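Trainee: Could we go through this structure together, one question at a time?

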Amino acid sequence: MVARGSQLRIGVSVALGMLCASAAVGDGPLFPGAQYPVGDGPHSVAIGDLDGDQAPDLAVANFGSDNVSVLLGLGDGTFAGAVNYAAGNGPYSVALGDLDGDEAPDLAVANEVSGNVSVLLGLGDGTFGAAVNYPAGNYPLSVAIADLDGDQVPDLAVANWASHNVSVLLGVGDGTFADAVHYPAGGGGPISLAIGDLDGDQAPDLAVTNYYSDNVSVLLNQSAIPGDLNGDGCVGHADLGILLADWGCTGGDCPGDCDDDGDTDQSDLGILLAHWGEGCP
Ligand SMILES: [Ca+2]
Ligand SMILES: [Ca+2]
Ligand SMILES: [Ca+2]
Ligand SMILES: [Ca+2]
């Protein structure tokens, strides 16, 4: 188990940014705000508009009470009382994203003790359906959401602290997920992960912090189709348009550069045409 340093198990603090310079007191831009009770042992918080009123809301993973607290924002930096939804055992991390394509944010929760991920689909009004749990690795501590295979459906990536690996659960599109596929984290005790395109091929990659080996692993996504310049999982007219608009570009940073040699020319067109239609519906 990972040591949990904080003994502040009571509430979520909200610090309001001080916007008026003339009113500045002290050295920093923040001052302590209100506290809002949540569940027991809150470990992680995420921000998003969960009820579609343009006011940011909070979702909190509560390790001790095996649930997630949702606090709807009133738009002025204050929040309504927490509503709690059951998750798995030992929620450690929570991420927000539209997992079923209905434009209402959903919740993904990494449950350390039960070794799974809970998915709670949002109804759009700030309430959530019952958790559906998907097995991950041992002691999952972090979850992130991104379309990892380029099919336009969000997927889940999970860092598993005790099994030293990362689980990827591909989204089906209706809010359900395929079985986890595990990848070595590249270090010991992966505890946190983040997703971004680290090599510029339009496919999201993973960065994973490894608690025991004191390093960060970079896991490059291998699923990009050569020629899929806009990363939508299909090599087609849109990509050809990008390439032609970029024709003759040199010196790197060329959007039409399929082979990563720093320019956009005949070789890139050849690659695109060789993969024409791949991945398209
Ligand atoms: Ca809201
Ligand atoms: Ca949704
Ligand atoms: Ca996907
Ligand atoms: Ca990439």
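What follows is a short exchange on cores, helices, a sheet and one loop residue.

Mentor: This is a predicted model: local features need pLDDT of at least 70, side-chain atom pairs count only at pLDDT 80 or more, and totals for chains, interfaces and linings use all residues. Residues are numbered from 1 along each chain as its sequence is written, with chains lettered from A and ligands numbered from 1 in the order in which they are written.

Trainee: Which strand gives the largest share of the largest nonpolar core?

Mentor: A nonpolar core is a set of buried Ala, Val, Leu, Ile, Met, Phe, Trp, Tyr and Cys residues joined through C-beta atoms within 7 Å. Buried means 20 or more other C-beta atoms within 10 Å; exposed means 12 or fewer; partly exposed lies in between, with C-beta atoms placed from the backbone. The largest core has 52 residues, and Val68, Ala108, Val109 and Val117 have the most contacts inside it. Five of its residues, the largest share, come from strand 13 (residues 140–146).

Trainee: How do helix 1 and helix 2 run, parallel or antiparallel?

Mentor: Helices (H or I, at least four residues) and strands (E, at least two) are DSSP runs, numbered from the N terminus. Axes are lines fitted to C-alpha atoms, for helices over the stretch in contact, with angles from 0 to 180 degrees between N-to-C directions. The axes of helix 1 (residues 237–245) and helix 2 (residues 266–274) come within 11 Å and cross at roughly 175 degrees. Roughly antiparallel means over 145 degrees, so helix 1 and helix 2 are roughly antiparallel.

Trainee: Which residues of helix 2 meet helix 1?

Mentor: Contact means C-beta atoms, placed from the backbone, within 7 Å. From helix 1 come Asp239, Leu240 and Leu243. Their partners in helix 2 are Asp268, Leu269 and Leu272.

Trainee: Which are the edge strands of the open sheet of four strands?

Mentor: Two strands pair if DSSP finds at least two bridges between them. The order is 5-6-7-8, with antiparallel pairing. The twist averages 25 degrees from one strand to the next. Pairing on one side only are strand 5 (42–48) and strand 8 (83–86).

Trainee: Which residue stands opposite Gly48?

Mentor: Strand 5 pairs with strand 6 (residues 57–62) in the antiparallel sense, over six bridges. In strand 6, the residue opposite Gly48 is Asp57.

Trainee: Is Asp102 buried or partly exposed?

Mentor: Asp102 sits in the loop between strand 9 (91–97) and strand 10 (106–111). Because 14 other C-beta atoms lie within 10 Å, Asp102 is partly exposed.

Terms used: Parallel < 35°, antiparallel > 145°, perpendicular 65-115°, else oblique. Contact = placed C-beta atoms within 7 Å.
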